[in-house]
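Reader: I'd like a close look at how the strands pair up in one part of this model. Could you walk me through it?

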Amino acid sequence: MAESRVRRKRRLLPVLLVVAAATTGVAQGPPGQDTDLPPQSISLASLAAFRAPTANWRVAGSAAADRNVALALTADAGTGVLVNTPAPGRNGHLFTTWEHGDLDLSLDVMLPKGSNSGVYLMGRYEVQLFDSWGVRAPTFADMGAIYQRWDDKRGAGREGYEPHPPRVNASRAPGLWQHIDIVFRAPRFEGRRKISNARFAKVTVNGVVVQENVEVTGPTRAAPFEDERATGPLMIQGDHGPVAVRNMGYKSYSGSAKVGDLRYRAWVGERMDSAWMSTHQPVREGTATAISSDPANAPNRFAVAFDGSLTVPTAGRHRLTLSLNWIGTEAAMRGVKIGGATLRIDGTPALVHLGDVPRATSDVELAAGKHTFSFSFYKNREWGGHRDVGLWIEGPGLERQALHDESALSTFGNPTNPIVVEPQQEPVMLRGFLRHRDTKRVIAVAVSDPFGVHYGYDMAQGALLHVWRGPFLEMTQMWHERAEDQTAEPMGSVVTLAGTPALAMLADANAAWPDSLDERQLRRDGYQLDKTGRPTFLYRVQNVAVEDDMRPASDGLSLRRELRLRATGAAEGLYVQLARAEHIARQGDGSFVAGDRSFYVVPASGTAQPIVRRVNNRDELIIPVRFERGEATVAYTLVW
């Protein structure tokens, strides 16, 4: 059946668009994680980073848990993974030797079925770690929650208060590694008087924001410290259930940078550069309170230079990031230099922006204290109102902060509010571009289901790209104005799959699996919708007609894929690839765990036994197809 004929049978499926008011223009906003300084790692080569660890804690080389067995966590010898296996008489908490105030923390955690633990910021404010896989309505006791406070004096049934459940359950299945990011801001004190509460600026579980700007008025229940102070140790709970932790990184903040003694010079009306500025008189000059382009008082063809002082609280490596928002990606790709900038510290160039990229970054070693600096920038563009300049600094004990005047940014540079798509009561299909790792898939579709399971699919390759739960898609880059990137972005807890064709003809069982199939090898025949609105994708791989059918489980915990095959000619050497990852290991129940313990593959009952093979330093899980009367079915379930 031709794709055009199939599409004419589609019903219009309802879509709820949650669209915030959009503004025009694209800003060069604050730097993202790709421009941040790396966090400081907590070494897990031993337990030396922790105070007097009790016998339930040890360092291991790896950890594993059977998703079907409660509280079962195993570990192999080695280093790099922190493991807690509590037992009567050995169930102490684990405290760092150092204390912190404001802290950005990241870590990976693994929980066996039914397990319970927690991370206590400053030893007082708990972010819950819990096996919440499958929980429909999460509470303060679930993964990513900020645990409730407790006071017996409130009376029976009312002791617990200030619970903060996660916005959404972003948990993965037991035995899989899960990633947590916590942005915590400590309470503030004037002497002994608290003037502001502790605050969780953001808690992210598996890529999904589950808490944002949540104040905590005091220690949460079961905290080992009942008072509040300006600093305290990081603590991992050890008395509830088994847990494994790895990749612990943090940034601790204790001060801020200051810009002062500012004077400016401004030039307008010429096609200029740094050399031109040094040989011409400015049109105006004076003192300034902050760095901005305001002294130019012109939208185009201007230059501004600042001289002043920069004070940093701690010696060490500092990262400077500079953004000139009139230099867009399109101009940079064409090599059009319409501006530039130079920053000098103590007379030495610290950052030079050549005008060939929207954003420039450099690292510099600075001593604690005051430094002289000069900062000049220019814009040669003769049109457009963008004239915002952004300069940020980050360093030891110094949270990334703006050195420019953020209040002076023009309205032209305001970012667009996101355009979000969420399903209502029926499945939703959205054709468009999907990014898979470093490649844009242009014949792709994202499918959402009321059961809460979503997937991205490349129709040109018959390839699953992503599976996820939670929010569906952000469409801003596809639908807003000229849509520079034009990709739809999955919003939930996303598992990225191999993205390779599901079927291929191999010369033998050791032949390399193709990364893609051309139009001679795979011919698309469109898709058809069943009565519920769920699609089955139709295509041919050489002489084999394929019905590629994906259905989520009603509990929203898995996605079943069924490939129904019909040979119309010779089909020797046909294989189905269930997964490709760095590592794939068979589990005791006959399932397989893939990647860095990222997801499970469960072959369907009656499906031929898969083969794990090692090709080009990667594992592949494949099944040879055996036809009976010209037909075959291969089915498996993805669990995450």
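To start with, how many bridges join strand E22 to strand E27, and in which sense do the two run?

Author: Keep in mind that this is a predicted model. Strand E22, residues 316–324, is joined to strand E27, residues 389–395, by 6 bridges, and the two run antiparallel. For a spot to zoom in on, try Arg319, which sits opposite Glu394 in E27.

Now step back to the sheet around that pair. E22 and E27 belong to an open sheet of 4 strands, ordered E25-E22-E27-E28, with antiparallel pairing. At its edges stand E25 (359–366) and E28 (398–402); each has a single partner strand, so one side of each is left without a neighbour in the sheet. Going from one strand to the next, the twist averages 15°.

Further along the chain there's another run of pairings to look at. Strand E30 (residues 428–436) pairs with strand E31 (residues 439–448) over 8 bridges, in the antiparallel sense. Within that pairing, Leu430 has Ala446 in E31 as its bridge partner. E30 and E31 form a hairpin with 2 residues between them, and Arg437 in the turn has a positive phi of about 55°.

E31 also pairs with strand E32 (residues 453–458), again antiparallel, over 5 bridges. Here Ala444 is the residue to pick out, standing opposite Asp458 in E32. These two strands make a hairpin as well, with 4 residues between them. If you're checking backbone torsions, look at Gly452 in that turn: its phi is positive, about 90°.

Note on methods:
Residues numbered from 1 in each chain as written. Predicted model: local features only at pLDDT ≥ 70, side-chain atom pairs only at ≥ 80, totals over all residues. Heavy atoms only, no water. Pairing = 2+ DSSP bridges. Axes fitted to C-alpha atoms, helices over the stretch in contact; angles between N-to-C directions.
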